[in-house]
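Trainee: Could you take one part of this model and go through it closely, setting out what surrounds it and what it contributes to the interior?

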Amino acid sequence: MAESADDTKSSSSAAVHIIYTEKPQDEQPEAYHLRTLASVLGSEEAAKDALIYSYKTAASGFSAKLTPEQVAEISKQPGVLQVVPSRTLQLHSGPGKLH
């Protein structure tokens with residue numbers, strides 16, 4: 001099945017986001033994260049493809065590659081506390097020295 005122009009546009013505008021969630025009570029964290037993501041993406045298979053990492057120790061949540069529309073939809077899901085774009089920060093060892 002060929003992708004439509006809209007599908008191509010949506011997947012190219014997808015970016016990695018970190019989704020902070022409530023800590024699941026009766027479920028393993030990764031299963032909860034996949035279920036939450038699948039509720040927006042339409043299937044468990046799509047959720048597995050989009051999921052990058054499940055956070056289980058210091059925070060509860062996951063990172064996934066999502067389009068702006070998917071970010072808006074997942075933000076409305078029960079148990080989702082916050083959705084933020086993932087950023088890579090550059091550290092340096094002193095004035096003017098970037099590594």
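What follows is a close look at one helix and its surroundings.

Mentor: Since this is a predicted model, what I describe is computed from predicted coordinates, and I will take helix H2 as the part to examine. Helix H2 runs over residues 29-41; with its 13 residues it reaches 18 Å from its first C-alpha to its last, close to the 18 Å expected at 1.5 Å a residue. Beyond the helix comes glycine 42, whose phi is positive, near 100°.

Turning to the side of H2 that is covered, Tyr32, His33, Leu34, Thr36, Leu37, Ala38 and Val40 are buried, and the buried residues of the helix pack against the strands S1 (15-21), S2 (51-55), S3 and S4, as well as against helices H3 and H4. In general, nonpolar side chains in soluble globular proteins tend to be buried together. The largest nonpolar core here holds 15 residues, and Leu37 is among those that touch the most other members, along with Ile19, Phe62, Ala64, Leu66, Ile74 and Val83. At least two residues of this core come from each of H2, helix H3 (44-50), strand S3 (61-66), helix H4 (68-75) and strand S4 (80-85), with H2 giving the most, namely four residues.

One of the partners of the helix in that core deserves a word of its own: leucine 66, once its neighbours within four places in sequence are left aside, is in contact with Leu37 and Leu41, and also with Ser13, Ala14, Ala15, His17, Ile19, Val71 and Ile74.

On H2 there is also a residue with a charged partner, for the side chain of arginine 35 meets that of glutamate 27 in a salt bridge, at 2.8 Å from N to O. Arginine 35 has a relative accessible area of 47% and is therefore partly exposed, lying between the 20% and 50% cut-offs, and glutamate 27, at 29% relative accessibility, likewise counts as partly exposed. This pair belongs to a count of two salt bridges, and the other joins the side chains of glutamate 44 and lysine 48, at 3.4 Å from N to O. Glutamate 44 and lysine 48 both lie in helix H3, four residues apart, which is about one turn of the helix. Glutamate 44 is partly exposed at 48% relative accessibility, and lysine 48 is partly exposed at 44%.

Notes
Residues numbered from 1 in each chain as written. Predicted model: local features only at pLDDT ≥ 70, side-chain atom pairs only at ≥ 80, totals over all residues. Heavy atoms only, no water. Core = buried A, V, L, I, M, F, W, Y, C linked by side-chain atoms within 4.5 Å. Buried < 20%, exposed > 50% of the residue type's maximum accessible area, 1.4 Å probe, protein only. Contact = heavy atoms within 4.5 Å. Expected span 1.5 Å × (residues − 1). Salt bridge = Lys/Arg side-chain N within 4 Å of Asp/Glu carboxyl O.
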